[in-house]
Amino acid sequence: MINYTEKIPNNVDLGRDRVLQRALEHWQPAYLSWWYDMGPNESHNFEVYLRTAISVEPDGWAQFDYIKMPEYRWGIFLQPRDEKRQVNFGIHKGQPAWQDVPGEYRSILRRIIVTQGDTEPASVEQQKMLGLSCPSLYDLRNIFQVNVEEGRHLWAMVYLLHRYFGRDGREEAESLLARRSGDTDNPRILGAFNEPTPDWLAFYMFTFFTDRDGKFQLCALAESGFDPLARTCRFMLTEEAHHMFVGESGVSRIIQRTCEVMKENKVDAPSDVRALGVIDLQTIQRYLNFHYSVTLDLYGSDVSSNAANYYTSGLKGRFRETKLEDDHTLRDAMYPVSEVVGDKINTKQVPALTALNERLRDDYIEEIQAGVDRWQRVIDEAGIPFRLTLPHKGFHREIGNFAGHFISTTGEILTEEQWRSHEFEWLPSPKDYSYVQSLMSGRVAELGKFANWIAPPVKGVNGKPLDFQYVRFN
Ligand code: BYC
């Protein structure tokens with residue numbers, strides 16, 4: 001059970017370690033000040049119907065109630081320890097899982113934790129303004145839920161930094177509050193987290209595509225031989241599931257609404273669709289292309305000695321590592337990666353150990369494809385002859401073997417000039433962004449009402465009706 005009587009709710013017996021408790025209590029006001037500054041705009045007085053974790057058990061861990069976001073009980077929740085757990089891969093396979101940081105891995109482990117931690121506040125910063133243009137109270141409540149939980153994920157990483165990395169860890173924890181998404185001087189660490197999230201279509205795409213990178217990275221870290229990291233990530237994953245649901249269902253509801261309007265009015269040209277105040281499927285495809293390609297970059301280089309080191313040292317595993325049936329050291333295994341040679345994309349076999357980023361990216365793509373297929377069904381059921389597709393893996397990439405090449409959505413290698421002449425057929429143009437934003441000029445806040453460009457969800461939150469007061473503005 002989680003102890004809520006303390007200043008920092010936790011299930012790690014924080015009260016027993018006074019030094020650590022004081023360090024975190026010192027960080028807490030800095031965190032709150034960051035939240036006031038960079039959290040959802042003009043929302044501090046709202047009462048939001050939010051879920052809060054009350055136990056770490058898979059069933060019934062959450063409690064729903066109205067809460068002002070700055071008073072949300074951010075805390076430290078780790079999945080219970082399994083005394084028999086071992087390091088399950090790499091050169092230390094078979095040793096008892098580490099309860100402390102092995103000295104030789106201190107700096108790379110800290111780096112992984114900092115990179116993970118950095119994404120959490122970044123996403124809150126990216127979404128800061130969206131509450132002002134929400135399509136309904138239901139959606140407003142959902143984005144706030146996502147935001148407070150990303151804040152909690154930052155707490156999760158900061159706990160590890162404070163608890164296991166001494167002074168360096170405390171300094172890193174401060175830097176996590178100092179970097180800013182999109183800042184030229186002090187940006188967030190990974191590319192996608194410096195891109196703007198300017199509208200709600202972008203938000204749903206982000207939570208579908210980029211939060212799912214979060215899922216896959218957390219799954220890989222949940223296999224870590226460093227047990228506190230594994231246990232932290234396992235609990236974070238239960239929260240992550242809701243974020244991906246918000247994204248997938250959000251895009252799906254936009255598609256549904258567009259299809260309804262297209263059918264009712266017997267139109268299909270994008271300009272006619274737009275004239276009816278909904279988002280044309282072509283624009284949705286361009287947003288998809290953007291968020292997919294930017295998120296693929298988050299997996300790092302196709303061939304990476306960093307990734308090999310993380311694995312060999314037992315720090316970061318593969319997706320579902322313990323369910324895979326092989327030697328879990330990858331001594332002789334090979335894995336295919338793509339590379340651009342002249343005007344062709346070739347596949348070559350490389351040592352699987354060095355291709356772990358690529359493998360995780362491939363696992364991710366498989367799950368993404370299934371989600372896109374579900375969106376497609378909405379279009380098919382409406383009887384509209386339009387296909388949503390994932391662009392080629394090499395399209396619009398800035399990290400890895402495809403970086404620096406100009407590859408079309410269908411995988412042709414083009415010159416820069418050729419590519420630029422198609423750029424806005426493939427990616428959202430400034431005009432697309434301004435059209436989408438023109439639909440979202442204000443907040444839809446009447447009970448049970450939804451903006452014209454999105455269908456209502458199938459059901460409300462926690463059994464509540466759609467016309468429930470999910471947010472009280474005070
Ligand atoms: N942008 O060997 P390489 C989430 C750097 S999302 C900028 O290719 P490695 C969430 C790299 O740092 C999940 N730089 O990469 C979602 C390295 O720099 P140095 C976040 C990049 O280390 C939504 C160089 O390029 N979690 O939770 O194998 C909302 C070459 O490195 C990028 C994690 O990512 C990039 N995209 O892999 C909220 C897990 N990619 O050494 C939250 C922790 C690479 O030359 N992170 N570089 O200075 C990792 O495991 C690894 O850092 C990465 C990169 C997989 C990201």
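## Polar contacts to the ligand

Start with Asn-357: in this predicted model, one of its polar side-chain atoms sits 2.9 Å from a ligand oxygen. That counts as a polar contact (a pair of N or O atoms within 3.5 Å). Arg-111 also has a polar side-chain atom 3.0 Å from an oxygen of the ligand, and for Thr-119 a side-chain N or O atom is 3.4 Å from a ligand oxygen. On its own the ligand has 1100 Å² of accessible area, and the protein covers 81% of that (Shrake-Rupley method, 1.4 Å probe).

Since this is a prediction, local features need pLDDT of at least 70 and side-chain atom pairs 80 or more, while totals for chains, interfaces and linings use all residues. Numbering runs from 1 along each chain as its sequence is written, and side-chain values use heavy atoms, with hydrogens and water left out.

## The shell around it

There are 30 residues around the ligand (a heavy atom within 4 Å). Coming nearest are Gln-116, Ser-301, Ser-304, Lys-316 and Asn-357. By type, the shell splits into 13 polar, ten nonpolar and seven charged residues, with Gly counted as polar and Asp, Glu, Lys and Arg as charged.

Which helix gives the largest share of the shell? That's H2, with seven residues. H2 (106-126), H5 (200-221) and H9 (305-312) each supply at least two; helices here are DSSP runs (H or I, at least four residues).

## A hairpin

Strands S3 (334-341) and S4 (344-351) run antiparallel, joined by eight bridges (pairing takes at least two DSSP bridges). Val-341 stands opposite Lys-344. Two residues lie between the strands, and Gly-342 takes a positive phi near 60°.

Conventions: Polar contact = N/O pair within 3.5 Å; in protein donor to acceptor, adjacent residues only side chain to side chain.
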